[in-house]
Amino acid sequence: MKFKTAIKPYQAAAGGWGSLEATTRFVLDSKHVLKNMRNLMRMNKAKGFDCPGCAWGDDNKSTFSFCENGAKAVTWEATRRFIDARFFAEHTVTALYQQSDYFLEYQGRLTEPLRYNHATDRYEPVSWDDAFALIAQHIHAMDNPDQMELYTSGRASNEASWLYQLFGRMNGSNNFPDCSNMCHEASGTGLKRSIGVGKGTIRLDDFDHADAIFVFGQNPGTNHPRMLHSLRHAADHGAKIVTFNTLRERGLERFADPQKPLEVVTSKAGTISSTYYQPNLGGDMAAVRGMVKALNETHRARLAAGEKGLFDEVFINAKTEGLEAYLAAVDATSWAKIEQQSGLSEQQLREAAAIYQSAERVICTWAMGITQHKHSVDTVREIVNLQLMFGQLGKKGAGLCPVRGHSNVQGNRTMGIDEKPSQAFLDSLGAHFDFEPPREAGHNTVEALEAMLRGEVKVLIALGGNLAAAAPDSPRTEEALRRCGLTVQISTKLNRSHLCPGWKDALILPTLGRTEQDIQASGPQFITVEDSFSMVHASEGVGKPIAETQRSETAIVAGIAHAVLGREKVDWLALAADYNKIRDHIAATLPGFSDFNAKCDIKGGFYLGNAAAEFRFNTLHNKAQFSDARLPDSLFPPLGEVVVPFTLQTLRSHDQYNTTIYGLDDRYRGVYGQRDVLFINPDDMAAQGLSAGDKVDIETVWNDGITRQVNGFMLVPYAIPRGNLAAYYPETNPLVPLSSFGDGSGTPTSKSVPVKISLSARVDTLRIA
């Protein structure tokens, strides 16, 4: 496959004709045009399926309830292309490893269980019964339960995730590394410490009532495009949208609604951000601190003049504690440090503070631009501090909105996919099933990989995902997988993780996708997912599976559990035959899920509620907690006095969702047919004696004696602050040290990687056949 490469700045608004054209192209390429048109009409609808892409909520108002990226996800999954034994007879694992991630997934759907043959270096067909028996054999041979790691992707359903965690805990382990650990852990940790609940406090329609929306560290145009509809609608109704994002992103500037014909065929588009600031990578905490410093000055001046202060004193006195210590920390932070760390001027931050001050109802929303730094937990808490000072919780049009990534990553955590489960949840689970769950904390993703590298893991089971491509320090992550005795990948398509088989055994188990009918012994089944707004939706696939040998995730988990544990405590196969029975158990063990099956009939889903939005804070003294953390001295404390030339962030392209590469274009950033590019400020490029189009090598500056380098990346001048760089993952994941992770979150610091660049000594070519 050959792709036309070009760097051509994109002049149009996000959405609009470009979005429709790209959607049409992907539907046609799937070779299932009519089927996928029907699929798209049923996406995010009652008696249809929930989008397998992002976790943005559904307004249930639009005729077409999908975005460009959602359409790509559906057509990518519902393809006619498939992989069977003949494919692996023609390709060794070693040869496949040399191919690109795009090539691997483009080959189509996995259709039958496969076992790796070390002697032939090929995957070969195996029966489901033999696959389950092999898994049981390896687990029964373990010395202790913690020699098993149970990884989970954010696309797994509530039912599969709940069953998965029950299996793991009945087997004696809390080792549940998952994608949350690598993305949004800082949000949950910071919110729990501040307000006692690790979820956002708003609902989707709050965007319709906000006076101002402060957007931190996210690019909705690529990562969750349906958010642009909410932002555009809010802007059209007068809300001020203030963006803090290191790169200029088209989706945060202008948006043409693809569902409005006039905006598709003309240049008409709506402005998204009324004000756009570009802080340094990792500088958002300092930016918020500067806003608070300016607001506190005005507050004190008003009080000194005998006027009413800015802050919501009633809310603060009744619902919070720790403000005095926090304001002391603000006073101790100089404007010089705020400007240096944020990369923004005092004037800019006073301007942002004035917009905040003039708004009665404010939403603060953020994503991984906030959560993938060493000090991310403190940054999340700094945003909460700002909202608490003005009482922006528990009122319409205001609150906190962490935007989750994959479509059920929040639901997975609700269901118990958590290496640090609450004691209340374990008590409930143990009482309901008459067993004693393990109480010690398990491994997060980084800890799991370190255990694998030490040779301590005998079994890795991955419920979806692509750990080899998603995790940091790619060569070490791949080596970690190879040091497991058995690797089990439950997948829809071929990916990088399949090519890093365990040293004894490896299995690939083909699963149904979100779009496909799930027929079990009791009849057609539906599953449920939870979005970023704590809404739980029913989801029922509509398309016929590509092969009878594929099984649902829930059935696969039940089959493994039955083979390992038998049916003494749980009749796993009976649960797989009727998902209503699983939901009955969920209702009996999790708060908020009473009458779960009946609630699944509610059009648009049902709301789990949020205790903090109702002023119930599960914290010390049952009050919201201000954080008085100081600004970090450095993004890279382990490096001491070492001078770091550049800070790199890894990010997605527009033809990408997480590690799934749909194509090689990044339309809004003007990159076509290629991925090995490095976005850089033009002045930085000139200072290095380099020019646009030059190929450079990127090397991590770290202190553990390991060389981390990627080669042959083309320089692309871009609107990004000096000293900051950006490039796509997974191509630059090899640069992220496994030992560099967030304080209190364990999340890899993929948005603050210390690097240096040099003119490339060689040029790598794209690995595309």
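In this predicted model, strand β8 (residues 212-216) and strand β9 (residues 240-244) run parallel and are joined by five bridges, and within this pairing F216 stands opposite F244 in β9. Helix α12 (residues 226-236) packs on the sheet, where it touches β8, β9 and β14 (362-366), and the direction of α12 makes about 145 degrees with that of β8.

The sheet to which these strands belong is open and has five strands with parallel pairing, in the order β12-β9-β8-β14-β15. Its edges are formed by β12 (275-277) and β15 (399-402), and because each of these has a single partner strand, one side of each is left without a neighbour in the sheet. On average, and with direction ignored, neighbouring strands of this sheet are turned by 15 degrees against each other.

A helix pair can be described in similar detail. Helix α14 (residues 284-304) packs with helix α17 (residues 335-342) at an angle of about 145 degrees, the axes being 8 Å apart, and the crossing of the two is left-handed. On the α14 side the contact is made by A286, A287, R289, G290, K293, A294 and E297, which meet W335, I338, Q341 and S342 in α17. By character, the residues of this contact divide into five nonpolar, three polar and three charged.

Turning to the interior, the largest nonpolar core has 57 residues, of which W162, F167 and I461 touch the most other members. When neighbours within four places in sequence are left aside, F167 is in contact with I139, M148, L150, I461, I560, A561, V564, L565 and W572. Another core, of 53 residues, lies apart from the largest one and includes L295, Y326, W366 and V380.

Some backbone features also deserve attention, given that most residues other than glycine have a negative phi, and most peptide bonds are trans. The peptide bond from Y729 to P730 is cis, with omega near 10 degrees, and P730 is placed in the loop between β32 (724-728) and β33 (753-759). Positive phi values occur at D434 and at N658, neither of which is a glycine; their settings are set out below.

| Residue | Phi | Loop between | Relative accessibility |
|---|---|---|---|
| D434 | about 55 degrees | α22 (423-433) and α23 (445-453) | 59% |
| N658 | about 50 degrees | β26 (656-657) and β27 (660-661) | 18% |

With these accessibilities, D434 counts as exposed, whereas N658 is buried.

Methods:
Residues are numbered from 1 along each chain as its sequence is written. This is a predicted model: local features need pLDDT of at least 70, side-chain atom pairs count only at pLDDT 80 or more; totals for chains, interfaces and linings use all residues. Side-chain values use heavy atoms; hydrogens and water are left out. Two strands pair if DSSP finds at least two bridges between them. Helices (H or I, at least four residues) and strands (E, at least two) are DSSP runs, numbered from the N terminus. Axes are lines fitted to C-alpha atoms, for helices over the stretch in contact, and angles run from 0 to 180 degrees between N-to-C directions. Contact means heavy atoms within 4.5 Å. A crossing is left-handed if the near helix is turned anticlockwise from the far one by less than a right angle, and right-handed if clockwise. Ala, Val, Leu, Ile, Met, Phe, Trp, Tyr, Cys and Pro count as nonpolar, Asp, Glu, Lys and Arg as charged, and the others, Gly among them, as polar. A nonpolar core is a set of buried Ala, Val, Leu, Ile, Met, Phe, Trp, Tyr and Cys residues joined through side-chain atoms within 4.5 Å. Buried means under 20% relative accessible area, exposed over 50%, partly exposed in between (1.4 Å probe, protein chains only).
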